Amino acid sequence: MKPLYKWLIGIVIVLGIGIGIFFGTDRFIDQYFGGDDSEGQVNNEKQVGELSEEKFEKSENPSELNPFGDEIDQAQLTDHDVQVYIHKMSHQKVEASQKWGFYLITDERIEWLQSGVEVASENLEHSDTYQSILNAWAEGDFSQADDHHNTVWELQDGTVGYARDVLTPEEEEAYINQAE
């Protein structure tokens, strides 16, 4: 009778460890890679933040603002600024559990950033990375927008909101409509 009892205890322990690993891994993936939960999608709606159009409306001198609605000019761009602009524009194109902030992708914004990265390149640690992303976007190639998002996200030490895929045109349109 004792050997059967030991086997049962062993099986229960192994099952307990297996269940713990399963749920622990699932939680780890959700936390560090954005998971696939509907709660994150609800957060997207609440985390869009102030749109650049609202910044123009509130500004006393809208002509002094860059295409993103900020007073930063191209020569003043920092790695942080460029990363924020690219990251928030990429949200239009990528599927992620959470997205904080949004800038509509426009030719004007892409061209302004391309020129700005070139002007401020001496002060930018990752100017080649930014130019590579912006050059693809300027050519209308968003097929790797998820990789572009994640590259910038990693430079920003992102922990939540890992992009898993590129949105379909219909999903992108729905995201833009919800963000505006």
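The exercises below, each with a worked solution, go through the fold, the aromatic pairs and the nonpolar cores of one protein.

The model is predicted, so local features need pLDDT of at least 70 and side-chain atom pairs count only at pLDDT 80 or more, while totals for chains, interfaces and linings use all residues. Residues are numbered from 1 along each chain as its sequence is written, and side-chain values use heavy atoms, with hydrogens and water left out.

**Exercise 1. Describe the elements of the protein and how much of the chain is buried.**

Step one is to list the elements, where helices (H or I, at least four residues) and strands (E, at least two) are DSSP runs numbered from the N terminus. The protein has 8 helices and 2 strands, and from the N terminus on they run α-α-α-α-β-α-α-α-β-α.

Step two is burial, where buried means under 20% relative accessible area, exposed means over 50%, and partly exposed lies in between, with a 1.4 Å probe and protein chains only. Of the 180 residues in the protein, 38% are buried.

Step three turns to contacts, that is, heavy atoms within 4.5 Å. Among the contacts with a separation of 6 or more, 66% are made by residues 24 or more positions apart.

**Exercise 2. Classify the ring pairs of Trp112 and say which parts of the chain they join.**

Begin with the rule: rings of Phe, Tyr and Trp (its six-membered ring) pair if their centres lie within 6.5 Å, and planes under 30 degrees apart count as stacked, over 60 as edge-to-face and the rest as tilted. A search of the whole structure gives 8 aromatic pairs.

Next, apply the rule to Phe68 and Trp112, whose ring centres are 6.0 Å apart with the planes at 65°, so this pair is edge-to-face. Because Phe68 lies in the loop between helix H3 (52–58) and helix H4 (79–90) while Trp112 lies in helix H5 (residues 107–119), the pair ties together parts that are 44 residues apart in sequence. Phe68 and Trp112 are both buried.

Then take Tyr85 and Trp112, an edge-to-face pair with 6.3 Å from centre to centre and 75° between the planes. This pair links Tyr85 in helix H4 with Trp112 in helix H5, 27 residues apart, and both Tyr85 and Trp112 are buried.

Finally, put the pairs together: Phe68, Tyr85, Tyr103 and Trp112 are linked by ring pairs into a cluster.

**Exercise 3. Find the nonpolar cores and the elements that build the largest one.**

First, recall that a nonpolar core is a set of buried Ala, Val, Leu, Ile, Met, Phe, Trp, Tyr and Cys residues joined through side-chain atoms within 4.5 Å. The largest such core has 24 residues, and those with the most contacts inside it are Val82, Ile86, Leu113 and Trp137.

Second, assign the core to elements: H4, H5, H6 and H7 each give two or more residues, and the largest share, 5 residues, comes from H6.

Third, look at Trp137, which, leaving aside its neighbours within four places in sequence, is in contact with Ile86, Met89, Ser90, Ile110, Phe142 and His148. A second, separate core of 5 residues includes Phe102, Leu167, Tyr175 and Ala179.

**Exercise 4. Decide whether Ser127 is buried or exposed, and name what Ser127 touches.**

Start by placing Ser127 in helix H6 (residues 127–138). The relative accessibility of Ser127 is 13%, so Ser127 counts as buried. Not counting residues up to four places away in sequence, Ser127 touches Val117 and Ser121.
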